[in-house]
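Reader: I am a first-year student, and I would like a close look at a single part of this structure, namely the place where aromatic rings gather. Please go through it slowly, and then show me how the surroundings fit in.

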Amino acid sequence: MEVVEPHEAADESDIPDRTPGDVFPPPRRDPYEAFRFRDFRLLTAGGFVGALGSQMLSVAIGWEIYERTGSALDLGLIGLVQVIPVVLLSLPAGHIADRFDRRRIVLLTQILLAAASLSLALLSYERGSVALVYVCLLLVGTARAFNGPASSSLLPQTVPPEAFANAATWSSSAWQLAAVAGPALGGLVIALRRSATLVYVLDALAAGIVLLSVALLHSRQAPRRHEEVSLRSLAAGVGFVWRTKIILAAITLDLFAVLLGGATTLLPIFAKDLLHVGPTGLGWLRAAPSVGAVVVALLIAHLPPFTRAGKTLLWVVAGFGLATIVFGLSRSFALSLLTLALLGAFDGVSVVIRTTLLLVRTPDEMRGRVSAFHSVFIGASNELGGFESGVAAALLGPTIAVVGGGIGTILVVVLAALIWPEVRHLGHLSDG
């Protein structure tokens with residue numbers, strides 16, 4: 001279709017006759033719509049760098065703890081000490097994000113994350129106490145408890161509502177791309193230097209870059225109606241999610257999938273003891289799920305919107321469970337990489353669907369508290385899933401722990417489909 005420039009008038013002879021029954025093609029889909037907005041580009045670039053550092057940190061911590069202690073249980077404790085502040089502080093953090101400037105909250109949390117990373121670097125260099133390492137991870141968890149609700153609530157301030165789905169897709173893609181490069185880069189640095197110290201320094205630098213990108217944002221949080229702090233106001237996000245069954249179902253599916261299928265926590269064991277691929281192989285194993293997620297996210301950005309989003313969600317979470325089972329049984333490095341990539345692809349679709357539902361259906365004045373509730377269940381499931389996997393591996397062995405988690409994930413999908421029929425009937429993500 002020819003576009004007439006604003007200063008030109010269209011000649012009436014060029015305009016075809018139209019009748020009420022005429023059907024015209026829909027506007028052309030712009031797969032890069034969100035990137036037309038400066039603040040989204042800044043926020044996404046900063047988020048990518050921050051996620052890159054976070055993924056490198058995760059690899060370094062797992063490698064160093066297991067190298068120094070040789071204990072699967074100690075690997076599980078890495079998740080536990082980070083999830084405690086998330087569970088305890090996320091609801092108050094969500095209320096704070098809805099009352100105060102979300103940008104300032106993110107800036108303060110990045111300063112705390114940088115300080116914790118530099119402390120880990122010092123402890124690594126000096127071979128300091130493992131107990132102090134866990135203290136630093138507790139600080140990391142505290143920072144993330146406040147950063148999560150504030151940073152996720154910034155995203156809708158950078159694009160108009162019609163671009164929410166596209167923004168969610170690209171934001172997820174940026175995180176997953178960082179999760180591809182981060183573990184591989186972290187593993188490479190550890191392999192070259194035989195130490196995790198430099199990785200922690202790089203993570204602190206990444207936090208500084210996030211701080212700068214957020215400070216440069218033009219968008220501002222809209223004025224809020226003053227709301228007194230009370231148990232009711234703190235729990236408002238919980239009430240909203242409980243009433244919005246489709247969001248509750250999506251969060252529940254992801255929670256149990258990650259809680260039961262937390263194979264990534266045990267990757268140091270698989271890399272060293274079962275697949276025998278060392279720290280470099282560990283980096284590639286950690287990156288494989290995100291390779292699959294990035295490929296899928298790029299496809300989603302260029303394909304038409306979901307028309308059967310609910311059924312798609314159920315199938316991809318079931319696929320996540322099946323991929324987990326195959327990975328647990330594999331003793332081939334190539335097959336393990338393939339199954340982890342499939343696992344990430346399934347999870348990537350789930351993340352886009354869930355994130356878009358939250359963006360489209362949550363009122364702006366509730367975003368911080370709803371995001372906090374989401375952080376408790378999703379963020380906590382990642383860390384608690386790591387703890388659960390560590391305990392199960394210590395008691396039953398890593399293979400049984402991973403395979404059993406995959407079977408449990410598939411059973412949860414069946415139960416969710418029965419308990420929440422809304423999921424099976426969900427069409428477009430904007431419906432309802």
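**The aromatic cluster and its surroundings**

Author: Tyr32, Phe35, Phe40 and Trp170 together make up one aromatic cluster. Please keep in mind throughout that this is a predicted model, and that the search of the whole structure finds four aromatic pairs.

Let us begin with the pair formed by Tyr32 and Trp170, which is stacked, with 5.5 Å from centre to centre and 20° between the planes. Tyr32 belongs to the segment before helix 1 (38–69), whereas Trp170 belongs to helix 5 (residues 164–193), so this pair ties together parts that are 138 residues apart in sequence. The two partners differ in how they are covered: Tyr32, at 37% relative accessibility, counts as partly exposed, while Trp170 is buried, with a relative accessible area of 9%. The cut-off behind these words is that a residue is called buried under 20% relative accessible area and exposed over 50%, with partly exposed in between.

Trp170 also pairs with Phe35, and here the ring centres are 5.4 Å apart and the planes stand at 65°, so the pair is edge-to-face. The reasoning rests on the angle, because planes under 30 degrees apart count as stacked and planes over 60 count as edge-to-face. Phe35, like Tyr32, is placed in the segment before helix 1, and since Trp170 is in helix 5, this second pair ties together parts that are 135 residues apart in sequence. With 27% relative accessibility, Phe35 counts as partly exposed.

From the cluster we can step back to the chain as a whole. Its secondary structure comes to 16 helices and zero strands, and buried residues make up 53% of its 432 residues. Among the contacts with a separation of 6 or more, 87% are between residues 24 or more positions apart, and the two ring pairs with Trp170, at 138 and 135 residues, are of this long-range kind. The accessible surface of the chain is about 20000 Å², and 68% of that surface belongs to carbon and sulfur atoms.

Next, consider helix 4 (residues 130–154), which has 25 residues and reaches 36 Å from its first C-alpha to its last, close to the 36 Å expected at 1.5 Å a residue. At its start, a side-chain oxygen of Ser129 comes to within 3.1 Å of the backbone nitrogen of Ala131. Further along, helix 4 bends by about 35° at Asn147, and the proline Pro149 follows within four residues.

Asn147 appears again when we turn to Gln110, a residue of helix 3 (residues 102–126). Apart from its neighbours within four places in sequence, Gln110 is in contact with Asn147, Ala207, Val210 and Leu211, and Gln110 is buried, with a relative accessible area of 7%.

A second glutamine, Gln82, is found in helix 2 (residues 72–99), and this residue is buried as well, with a relative accessible area of 9%. What does its side chain meet there? A polar atom of the Gln82 side chain lies 3.1 Å from the backbone oxygen of Ile78, and a polar contact of 2.9 Å joins the side chains of Gln82 and Arg144. An α-helix has 3.6 residues a turn, so residues three or four places apart point the same way.

Helix 11 (residues 278–302) offers another example of a bent helix: it has 25 residues and reaches 37 Å from its first C-alpha to its last, close to the 36 Å expected at 1.5 Å a residue, and a kink of about 30° lies at Ala287, shortly before the proline Pro289. In the loop between helix 10 (267–274) and helix 11 we find His276, which has a positive phi of about 55° although it is not a glycine. Most residues other than glycine have a negative phi. At 60% relative accessibility, His276 counts as exposed.

Finally, Val326 sits in helix 12 (residues 309–329) and, at 33% relative accessibility, counts as partly exposed. Val326 and Leu340 are 14 residues apart in sequence, and 9.2 Å apart in space from C-alpha to C-alpha.

Definitions and conventions: Residues are numbered from 1 along each chain as its sequence is written. This is a predicted model: local features need pLDDT of at least 70, side-chain atom pairs count only at pLDDT 80 or more; totals for chains, interfaces and linings use all residues. Side-chain values use heavy atoms; hydrogens and water are left out. Rings of Phe, Tyr and Trp (its six-membered ring) pair if their centres lie within 6.5 Å; planes under 30 degrees apart count as stacked, over 60 as edge-to-face and the rest as tilted. Helices (H or I, at least four residues) and strands (E, at least two) are DSSP runs, numbered from the N terminus. Buried means under 20% relative accessible area, exposed over 50%, partly exposed in between (1.4 Å probe, protein chains only). The expected span of a helix is 1.5 Å times one less than its number of residues. The bend at a residue is the angle between axes fitted to the seven residues ending there and the seven starting there. A polar contact is a pair of N or O atoms within 3.5 Å; within protein, one must be able to donate a hydrogen and the other to accept it, and residues adjacent in sequence count only if both atoms are side-chain atoms. Contact means heavy atoms within 4.5 Å. Accessible areas come from the Shrake-Rupley method with a 1.4 Å probe; for residues, only the protein chains shown count as cover.
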